[in-house]
Amino acid sequence: MLANLSWWVLEEACRQARIWRGNVSDGSPLGMSVNVSESMFRAENSAQRVEMIIEDSGIAPQDLSLEVTERDCMDNEEATQSVLAELQKIGVKIHMDDFGTGYSSLSYLQRCAYDTLKIDRSFVQSLESEHQSKVIIKTIVGLGRMLDMNVVAEGVESQEQLEALVSLECPEAQGFWFSRPVPPGEAGELLKQARHAYG
């Protein structure tokens with residue numbers, strides 16, 4: 001049941017990305033990140049199914065990012081890593097979600113060439129109260145830079161947190177400070193405003 005829901009979410013996300021690309025960004029690249037579970041990768045030909053969804057939706061493979069947690073990879077490591085490697089070959093980006101909270105994150109970086117590390121929100125939430133959080137975030141940012149990987153901080157909820165991340169040279173951030181979840185139509189308007197403001 002969970003796998004079926006995950007496939008539906010992926011299909012809808014890719015379809016929505018295509019709509020936004022046509023209506024909001026005038027055909028220019030527009031990335032879509034989707035959280036997925038390892039249960040999707042247990043089925044045969046799952047990489048081909050993802051590729052078919054991409055083709056049917058009309059988006060480019062490089063516009064899709066799949067976010068998987070380290071725990072998900074550990075549950076069915078060999079099969080999951082094989083599928084992710086196939087998807088990377090066609091251009092799909094792979095993000096390690098909740099980085100820094102698993103048991104063996106560094107060893108997993110060796111086994112799968114992730115494109116992006118997503119710093120868990122727990123480190124961002126304690127930025128103002130715990131010096132160690134700043135050290136950890138700075139270390140992850142430096143690690144990403146050395147491995148030629150992007151880094152995104154999750155869970156930003158205040159201007160102070162954003163400013164702290166900027167001072168730590170974190171390249172990207174996401175969270176309620178930018179916007180709470182909104183329906184597709186409102187999200188489209190936000191995208192239009194951002195395109196107008198930043199070109």
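Helices here are DSSP runs of H or I with at least four residues, numbered from the N terminus. The model is predicted.

**Surface patches**

Helix 1 covers residues 2–23, and Val9 lies in it. Val9 also helps to build a nonpolar surface patch, together with Leu5 and Trp8. The area of this patch is about 290 Å². How exposed is Val9? Its relative accessibility is 33%, so Val9 counts as partly exposed. That class lies between the 20% limit for buried and the 50% limit for exposed.

A second patch on the surface carries negative charge. Its members are Glu11, Glu51, Glu55 and Asp56. Which element gives the most to it? Helix 2, residues 46–57, does so with three residues. Asp56 is found in helix 2. Asp56 has 64% relative accessibility and therefore counts as exposed.

**Strand pairing**

Strand 5 takes part in both pairings tabulated here.

| Strands | Residues | Sense | Bridges |
|---|---|---|---|
| Strand 4 and strand 5 | 116–119 and 150–153 | parallel | four |
| Strand 5 and strand 6 | 150–153 and 172–173 | parallel | two |

Ala153 appears in both pairings. Opposite Ala153 of strand 5 stands Ile119. Towards strand 6, Ala153 has Ala173 as its bridge partner.

Technical notes
Residues numbered from 1 in each chain as written. Predicted model: local features only at pLDDT ≥ 70, side-chain atom pairs only at ≥ 80, totals over all residues. Heavy atoms only, no water. Patch = residues over 30% accessible without salt bridge, like charges linked within 9 Å, V, L, I, M, F, W, Y side chains within 5 Å. Areas by Shrake-Rupley, 256 points an atom, 1.4 Å probe, with all protein chains shown as cover. Salt bridge = Lys/Arg side-chain N within 4 Å of Asp/Glu carboxyl O. Buried < 20%, exposed > 50% of the residue type's maximum accessible area, 1.4 Å probe, protein only. Lys, Arg positive; Asp, Glu negative; His and termini not counted. Charge placed at Lys NZ, Arg CZ, Asp CG, Glu CD. Pairing = 2+ DSSP bridges.
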